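Take a moment with the sequence and the model. The paragraphs below start from one side chain and work outward.

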Amino acid sequence: MPVSSLIPPAIGQLTDLALWEDELASDPATAESALVSRLQRVPDRRAKRGRRHALVVILALTACATLVIGGDSIAAIWQWAARAPQAKLARIGARYDPLTGRYLVPSERTFRRVLTNLDTDALDTVTCEYTTDLARGTVPAPEIPATPGPVEREQRRAAQRSAEHPVPDGLLSAAALDGKALAGARTESGRVFLVGAVDHASGAVLGQTQVPDKRGEGEAARTLLTQLDLPGWVFTLDALHTTTKTARLITGSLNGHYVLILKGNQPLAHAAAQMLLTRTDADFAETTATDDDRAHGRTERRALRTAPADDALFPGASQVFRLRRDTGNLDGEWTSKEIVFGVTSLPPDLAGPAHLNHYERLHWTVENKIHWVRDVTFREDNSQVRTGTAPRALASFRNLAISTIRLAGRANIAHARRDLLRHTDAFNVYGI
C-alpha cells in the first residue's frame, strides 16, 4: 500500500511563506495590519506552559469572523476560522505544523477558554483606539466590496437624510454616552452593564467600560470620559448623567462642553429652566430652530428654543433649552407631543438653537447605530454566552465590526456583512 509523503505539501507551504516574507521585506507597511499590531498589546492571562496558539491569532480571527454574517457565537466564530486561507493564517502568526505542512487554527474550546478569561479593559482600549484612528484618517480606510446592482435601500435613505438635514456651520466634534446591559450575563459582582461613547458624525465607538450594575453608570461614564482624552469635544448625555460632578469634570479638566437633559433628579435646575423658557413663541422667535422629518411611516417636528443661563443654575452652564417633539402620521395629523428641558455649557456664539437641535438629534446615534444593531443584527440579547469576560469581549468585537463597517461608508450593517462572505474579503478589511 503506497504511503503518502508529507514533503510536497510542506514544500508548497514553505514556498507560500517565502513569498509572503519577500512581500514583507519589500514593503513592510503594506503587510502589517494596523488592527493586528494593536491586538498584540492585549496581555495574555494564560499560563505559559501548554500555550500552543498566540493570543493575537485568536483575537484577530474573532475580529474577522465577527464581520461576517452568522459569526455571532463562539462556535460560529471557530467554524469560520477553521476555513481561513493558509496565507492569511501565516500573516497573523498562526502556529505552523511541519508534519502536515499547514498553519493550525485553535479549537473551539480554546476560543471559548480564551474569551472567557480575557483582559477586556485592554481589548476595549486597543479596539477603540483603532476605530478612533480610523475616524481621524490616520489609519487607511477599510474597503468592503458591494454587491453589483442598484444602490442598497438604506444607503439611498442615508444619503437622502444627509441632504435633508445638513450639518450646521461651525458644528464641533461630538460624542454620545449611554449604557447597555448584556441580557443574561452576570459576574460575581452583578449584571454586566457597559457604558459606551459613540462619535456623532461616524457612529464609531470611541470607548467602552464596564460597571457591575446600572447603579454605577454615572461613575463609569466619568471614568470613560477621562480615558477618552478628547479636549474641545461636545458630550451629550441623558438625564441619568446630569450631575454636578459630571458637569464640572467635562468643563474643567477635560476642557470640553456638555449638553445635558434636565429631569426630576435636578428639580431646582429643571424648575429654573422651565421658568426661563415658558413664554409665547413670539418671545423666542430669534432663538428658536425647527427641524422637520418624514420617514419610517411618520412625520416629526423638533422645535428647540434657548435662553441664557449661568453657574447659578448649573455648573458651567451658558444656556438652557426647551425641545418640543411633535410626531404624527403621513397625512399631516399630529398625534403626540413631548417637551424636555436641558442645559449646556456651550455659549450662544458656539452653539445656536440649530446646533443644539442637531446635537440632541444625533445623541440617539448610540441607540440607533450601536445598541439596536447589536440587539437585532448581531442578536446580542439572544446570546447564550453568559459567563466570564466572554459577553463583554464579544460586545467589544461587535462594536469594532459595526464601527469599521460604518467608517467604510456602509449604512446597512447586515447588507455589508453579507458582502463579506468570502474569507479573503473579511481579512482584507483589517489589512491582513
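Which side chain makes a polar contact with that of Glu 217? In this predicted model, the partner is His 241, and the polar contact between the two side chains is 3.2 Å. Glu 217 is part of helix H10, which covers residues 217-228. Its relative accessibility is 2%. The cut-off for buried is under 20%, so Glu 217 counts as buried. His 241 also appears among the residues that Glu 217 touches. Leaving aside residues up to four places away in sequence, the others are Asp 178, Gly 179, Phe 193, Val 195, Val 211 and Leu 240.

Move on to Thr 242. This residue sits in the loop between strand S6 (234-237) and helix H11. Is Thr 242 buried or exposed? It counts as buried, because its relative accessibility is 0%. A polar atom of the Thr 242 side chain lies 2.5 Å from the backbone oxygen of Ile 261. Beyond four places in sequence, Thr 242 touches Leu 260, Ile 261, Leu 262, Asn 265, Gln 266 and Phe 314.

Now take the helices themselves. Two packed helices are described by the angle between their axes and the distance between the axes. For H10 and H11 (residues 244-251), the angle is about 5 degrees and the axes are 10 Å apart. Angles under 35 degrees count as roughly parallel, and H10 and H11 are therefore roughly parallel to each other. On the H10 side, the contact uses Glu 219, Arg 222, Leu 225 and Thr 226. On the H11 side, it uses Lys 245, Thr 246, Leu 249 and Ile 250. By class, these residues divide into three nonpolar, two polar and three charged.

Another helix pair has another geometry. The axes of H4 and helix H7 (residues 108-116) cross at roughly 95 degrees and come within 11 Å. The range for roughly perpendicular is 65 to 115 degrees, so H4 is roughly perpendicular to H7. H4 contributes Leu 55, Ile 58, Leu 61 and Thr 62 to the contact. H7 contributes Thr 110, Phe 111, Val 114 and Leu 115. This contact has six nonpolar and two polar residues, with no charged ones.

Next comes the interior. In soluble globular proteins, nonpolar side chains tend to be buried together. Here the largest nonpolar core holds 64 residues. Which of its members touch the most others? They are Leu 118 and Tyr 430. Helix H4 (residues 55-67) supplies the largest share of this core, with eleven residues. A second, separate core has 36 residues, including Leu 224, Leu 237, Ala 247 and Ala 317.

Tyr 430 deserves its own look. Not counting residues up to four places away in sequence, Tyr 430 touches Ser 33, Ala 34 and Leu 35. Its contacts also include Ala 63, Cys 64 and Leu 67. Tyr 130, Leu 400, Ala 401 and Thr 404 are touched by Tyr 430 as well.

Finally, step back to the whole protein. It has 17 helices and eleven strands. Its C-alpha trace spans about 95 × 50 × 40 Å along the principal axes. Of its 432 residues, 50% are buried. Among contacts with a separation of 6 or more, 66% are between residues 24 or more positions apart.

Methods. Residues are numbered from 1 along each chain as its sequence is written. This is a predicted model: local features need pLDDT of at least 70, side-chain atom pairs count only at pLDDT 80 or more; totals for chains, interfaces and linings use all residues. Side-chain values use heavy atoms; hydrogens and water are left out. A nonpolar core is a set of buried Ala, Val, Leu, Ile, Met, Phe, Trp, Tyr and Cys residues joined through side-chain atoms within 4.5 Å. Buried means under 20% relative accessible area, exposed over 50%, partly exposed in between (1.4 Å probe, protein chains only). Helices (H or I, at least four residues) and strands (E, at least two) are DSSP runs, numbered from the N terminus. Contact means heavy atoms within 4.5 Å. A polar contact is a pair of N or O atoms within 3.5 Å; within protein, one must be able to donate a hydrogen and the other to accept it, and residues adjacent in sequence count only if both atoms are side-chain atoms. Axes are lines fitted to C-alpha atoms, for helices over the stretch in contact, and angles run from 0 to 180 degrees between N-to-C directions. Angles under 35 degrees count as roughly parallel, over 145 as roughly antiparallel, 65 to 115 as roughly perpendicular and the rest as oblique. Ala, Val, Leu, Ile, Met, Phe, Trp, Tyr, Cys and Pro count as nonpolar, Asp, Glu, Lys and Arg as charged, and the others, Gly among them, as polar.
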